[in-house]
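The exercises below ask for a careful reading of side-chain charge pairs and of strand pairing. Work through each task with the structure in view before turning to its solution.

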Amino acid sequence: VNHVMVAGRHLQKGQQTTTQVKTTFDFLAVPPGSPPATVPQCFLRLELVPEDGHPEAPPAAQSPRKRPSFWLELSGSAVLETRRVDASDGKIVVGRAWQFDLHKKALREEVQTFVSREHFRIEELASGGAATAFPQKKMLRLTALSSNPIWMSRSGQVQQLSKEDFVEVDSGDRILLYTGARDGTPDGPGSVGQLIWTLQRD
């Protein structure tokens, strides 16, 4: 089953929505041969733009829309619908102050209280060293901004981060948020569900 996201909102089969101009349409699919738990990836993006009445500029004068260098995908048992947040200017800050509508609509009500106004940040680090013939990907750093703990999970290894702690991250790493477990774990007794952000990059 292929997935469609309109302006960051995931649409189920047969579901309809209204939208405005300058809206993006993402077509998602799981790459062939991927394991069952693989998160669908965007293979085509269309953008709805207004008609301004001016003739279309020649191809050489058009500036193609820049693809985000990395993005986050929301999932977990505490999530009502999958969402995606793209990096802007090499950075993503996740929190209710930054994605108010997303957290209100995509999360179960009882888990929203565990999301801080600014929960964590992922940013590109300036590349150093000598220039090379091939462009190198910039390193990404995850910084915890909330007093609630978060965890970085990579290949089954989990690292807990407290406020202002940071760690380097890469594509496929998962950021797990605290959701009320009495033992202080991501999904222990008393938790209201799993809340997971998965990092992806080109």
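A salt bridge is taken here as a side-chain nitrogen of Lys or Arg within 4 Å of a carboxyl oxygen of Asp or Glu. The model is a predicted one, in which local features need pLDDT of at least 70 and side-chain atom pairs count only at pLDDT 80 or more, while totals for chains, interfaces and linings use all residues. Residues are numbered from 1 along each chain as its sequence is written, and side-chain values use heavy atoms, with hydrogens and water left out.

**Exercise 1.** Determine how many salt bridges a search of the whole structure finds, and describe the one that Arg-83 forms.

*Solution.* The search of the whole structure gives seven salt bridges. In one of them Arg-83 pairs with Glu-81, with the closest N and O atoms 2.7 Å apart. For the setting of the pair, buried means under 20% relative accessible area, exposed over 50%, and partly exposed in between (1.4 Å probe, protein chains only). Arg-83 has 9% relative accessibility and therefore counts as buried, and Glu-81, at 16%, is buried as well.

**Exercise 2.** Establish where Arg-154 and Asp-173 lie, and what their salt bridge ties together.

*Solution.* The side chains of these two residues, Arg-154 and Asp-173, meet at 2.6 Å, N to O. Arg-154 lies in strand β10 (residues 150–154) and Asp-173 in the loop between β12 (166–169) and β13, so the pair ties together parts that are 19 residues apart in sequence. Strands are DSSP runs (E, at least two residues), numbered from the N terminus. Arg-154 is partly exposed, with a relative accessible area of 36%, whereas Asp-173 is buried, with 3%.

**Exercise 3.** Work out the order of the six strands in the open sheet, and which strands stand at its edges.

*Solution.* Two strands count as paired if DSSP finds at least two bridges between them. The order is β6-β5-β14-β13-β10-β11, with antiparallel pairing. β6 (83–86) and β11 (157–161) stand at the edges, each with a single partner strand, so one side of each is left without a neighbour in the sheet.

**Exercise 4.** Trace the pairing of strand β5 with β14 and β6, and decide whether β5 is largely enclosed or open.

*Solution.* With β14, strand β5 pairs in the antiparallel sense over six bridges, and Leu-72 stands opposite Leu-199 in β14. With β6, the antiparallel pairing of β5 runs over four bridges, and here Glu-73 stands opposite Arg-84. Five of the six residues of β5 (residues 70–75) are buried, so this strand is largely enclosed by the rest of the structure.
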